[in-house]
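I opened this entry to keep a record of what I looked up, in the order I looked it up. The sequence and the structure come first.

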Amino acid sequence: MMDWTDRYCRGFHRVLSRWALLYTEMVTAPAIIHGPRDRLLRYDAAEHPVALQLGGSDPEELARATALAAPYGFDEINLNVGCPSDRVQSGCFGAVLMKTPDLVARCVTAMMTESPVEVTVKCRIGVDDQDPETVLPDFLSRMRDAGIRRIAIHARKAWLQGLSPKDNREIPPLDYPLVHRMKARFPDLILSINGGITPGTEAEHLQVMDGVMVGRAAYHQPWDVLGQADRLWGDTPPCANPLQAADRMRPLIADWLDEGARIHQISRHMLGLFHGRPGARLWRRTLSEGASTARDAAQGLALYDLAAQQVLQATESP
């Protein structure tokens, strides 16, 4: 979810759910060591629980990045062994690491020595010509031996050559039964399932798995995925409907705009809030077309209010 789950996206999603664990964009270990650390790691306390997702393949670099991130107080440090993008492959991390589980074990061991919170892993069921029936249980066993207890499994293989990152999310077939069998085989591990999870199917997977990780569906249909999610924890959702969520976002947006954010940096994450509901098209069009011309905080907030008013009128129309 690089370039997607930034602090504005996470702040919006937290308004929808008190309990869902949110993940940062994947941040590379060298970027934290050598780059603008505060900009990369800064988040609002209201985002908790929030996990930092790291990318890398050098145990020493990952340990150093973990130590530097520790004072920021994340609830979890996650190593990404699932992303198939070209940027990731060229840096020899992400899904390509499924080929070198011993290296992954050394990486997480190094991270755990520097982390005050739990270190977790996100992986694929395999890559390229690997046999997932063999590779995945071997990978999980090695992670368990290294001290890892929580793993999120994307139920697709990744093809590192010939498929784009988008294709890698859609073309390799999903193998939910394999991931479900891993939970039976490794009952001591806390395993979550990821990949192609559609709104309303989470409960089915939770009959078998310990958790469900939802990425792009939560981004494109945030209300459908997160609006009622807190019921899974036996809690009443914080918002009764998408309009109330939009209203609760307003003071947060006002604060961000006052800090110097532009409305498009925020509103781009909210375009799917009314997905499939009256006014959804007006909401998307107003925010998309108007955001580029809103020059200051006042204009940005006025644009947001206009979009919300249009949805309200569409909702109230017979």
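What should the 17 residues of helix α13 span at 1.5 Å a residue, and how far apart are its end C-alpha atoms? I noted first that the model is predicted. For α13, residues 242-258, the expected span is 24 Å, and the end C-alpha atoms lie 24 Å apart, so the two values agree.

**Entry: course and ends of α13**

I then looked for a bend. α13 bends by about 35° at Arg250, and a proline, Pro251, follows within four residues. At the start of the helix I found a side-chain oxygen of Asn241 within 3.2 Å of the backbone nitrogen of Leu243. After the helix comes Gly260, and its phi is positive, near 115°.

**Entry: buried side of α13**

Which residues of α13 are buried? I listed Pro242, Ala245, Ala246, Met249, Ile253, Ala254, Trp256 and Leu257. I kept in mind that residues three or four places apart point the same way, because an α-helix has 3.6 residues a turn. I next asked what these buried residues pack against, and found five helices: α1 (7-16), α12 (222-226), α14 (263-267), α15 (280-291) and α16 (297-316).

**Entry: nonpolar cores**

Which residues have the most contacts inside the largest nonpolar core? They are Leu140 and Ile151, in a core of 58 residues. I followed Ile151 and left aside its neighbours within four places in sequence. Ile151 is then in contact with Val121, Cys123, Leu140, Met143, Leu189, Ile190, Leu191 and Ser192. Apart from this core I noted another, of 35 residues, with Ala217, Trp223, Leu226 and Ala308 among them.

**Entry: aromatic pairs**

How many aromatic pairs does the structure hold? I noted five, and wrote down two of them. The ring centres of Phe274 and Trp283 are 4.9 Å apart with the planes at 70°, so I entered the pair as edge-to-face. Phe274 and Trp283 are both buried. For Trp283 and Tyr304 the centres are 5.6 Å apart and the planes are again at 70°, so this pair is edge-to-face too. Trp283 belongs to helix α15 and Tyr304 to helix α16, so the pair ties together parts that are 21 residues apart in sequence.

I checked accessibility as well. Trp283 has 0% relative accessibility and therefore counts as buried. Tyr304, at 2%, also counts as buried. I closed the entry with the cluster into which ring pairs link Phe274, Trp283 and Tyr304.

Notes
Residues are numbered from 1 along each chain as its sequence is written. This is a predicted model: local features need pLDDT of at least 70, side-chain atom pairs count only at pLDDT 80 or more; totals for chains, interfaces and linings use all residues. Side-chain values use heavy atoms; hydrogens and water are left out. Helices (H or I, at least four residues) and strands (E, at least two) are DSSP runs, numbered from the N terminus. The expected span of a helix is 1.5 Å times one less than its number of residues. The bend at a residue is the angle between axes fitted to the seven residues ending there and the seven starting there. Buried means under 20% relative accessible area, exposed over 50%, partly exposed in between (1.4 Å probe, protein chains only). Contact means heavy atoms within 4.5 Å. A polar contact is a pair of N or O atoms within 3.5 Å; within protein, one must be able to donate a hydrogen and the other to accept it, and residues adjacent in sequence count only if both atoms are side-chain atoms. A nonpolar core is a set of buried Ala, Val, Leu, Ile, Met, Phe, Trp, Tyr and Cys residues joined through side-chain atoms within 4.5 Å. Rings of Phe, Tyr and Trp (its six-membered ring) pair if their centres lie within 6.5 Å; planes under 30 degrees apart count as stacked, over 60 as edge-to-face and the rest as tilted.
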